[in-house]
Amino acid sequence: MIPVGYFFVLSGLLFFIGVFGFVTRRNLVAMLISVELILNSVDINFAAFNRLLFPDGYEGLFFTLFSIGVSAAESAVALAIIINVYRHFHSDQVNSIENMKL
């Protein structure tokens, strides 16, 4: 059996890789992937804390499943927005959409 601390280390690494990718990338798709890494680290934390605090309970696993569903919906909406931005500006770089007018 894998110790719970390893899951926390993995979750922390995924979180900081996601934050680093979000801050340093200028491509919208790469930024979306970084946000997904952050959300996956949260899912791992939910499952690990459930295993640590309530070994026989399923509350953390239900939160994890709900979070995965929210992540899927967020990805679908974000990809639709990225596709519309690409169609309008012919670029998927962040600096190309800074000139949007209201």
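**Exercise 1. Helix lengths**

How many residues does helix 2 have, and what distance does helix 2 reach from its first C-alpha to its last?

*Solution.* The model is predicted: local features need pLDDT of at least 70, side-chain atom pairs count only at pLDDT 80 or more, and totals for chains, interfaces and linings use all residues. Residues are numbered from 1 along each chain as its sequence is written, and side-chain values use heavy atoms, with hydrogens and water left out.

Step 1. Helices are DSSP runs (H or I, at least four residues), as are strands (E, at least two), and both are numbered from the N terminus.

Step 2. Helix 2 covers residues 28–53 and has 26 residues.

Step 3. The expected span of a helix is 1.5 Å times one less than its number of residues. For helix 2 this gives 38 Å, and the reach from first to last C-alpha is 38 Å, close to that expectation.

Step 4. Helix 3 can be treated likewise: with 31 residues it should span 45 Å, and its end C-alpha atoms are 44 Å apart, which agrees.

**Exercise 2. The ends of two helices**

State which residue caps the N-terminal end of helix 2, and describe the residue that follows helix 3.

*Solution.* Step 1. The cap of helix 2 is N27, with a side-chain oxygen 3.1 Å from the backbone nitrogen of V29. A polar contact is a pair of N or O atoms within 3.5 Å; within protein, one must be able to donate a hydrogen and the other to accept it, and residues adjacent in sequence count only if both atoms are side-chain atoms.

Step 2. After helix 3 comes H90, with a positive phi near 55°. Most residues other than glycine have a negative phi. H90 is a residue other than glycine with a positive value.

Step 3. At 63% relative accessibility, H90 counts as exposed. The classes are buried (under 20% relative accessible area), exposed (over 50%) and partly exposed (in between), with a 1.4 Å probe and protein chains only.

**Exercise 3. Annotated spans**

Find the residues that UniProt labels "transmembrane region", and give the helix content of two of the spans.

*Solution.* Step 1. The unreviewed UniProt entry places the feature at residues 6–23, 28–49 and 61–86. UniProt positions are given in the numbering used here, feature names are shortened, and annotations may be inferred rather than shown by experiment.

Step 2. Residues 6–23 are 100% helix and 0% strand, with end C-alpha atoms 26 Å apart.

Step 3. Residues 61–86 are also 100% helix and 0% strand, and their end C-alpha atoms lie 37 Å apart.

**Exercise 4. From F8 to helix 2**

Describe the surroundings of F8 and its ring partner.

*Solution.* Step 1. F8 belongs to helix 1 (residues 4–24) and is partly exposed, at 24% relative accessibility.

Step 2. Contact means heavy atoms within 4.5 Å. Leaving aside neighbours within four places in sequence, F8 is in contact with N45, A48, F49 and L52.

Step 3. The structure holds three aromatic pairs. One of them joins F8 and F49: it is tilted, at 4.8 Å centre to centre and 45° between the planes. This pair links helix 1 to helix 2 across 41 residues. Rings of Phe, Tyr and Trp (its six-membered ring) pair if their centres lie within 6.5 Å; planes under 30 degrees apart count as stacked, over 60 as edge-to-face and the rest as tilted.

Step 4. F49 is partly exposed too, at 41% relative accessibility.

**Exercise 5. Buried positions and the core**

Identify what covers the buried residues of helix 2, and list the largest nonpolar core.

*Solution.* Step 1. The cover of the buried residues of helix 2 includes helix 1 and helix 3 (59–89).

Step 2. S34 in helix 2 is buried at 6%; beyond four places in sequence, S34 is in contact with G18, G21 and F22.

Step 3. T64 in helix 3 is buried at 11% and, with the same exclusion, touches D43, F46 and A47.

Step 4. A nonpolar core is a set of buried Ala, Val, Leu, Ile, Met, Phe, Trp, Tyr and Cys residues joined through side-chain atoms within 4.5 Å. The largest has seven residues: L28, M31, L32, A78, I82, V85 and V94. Helix 2 and helix 3 each supply at least two of them.
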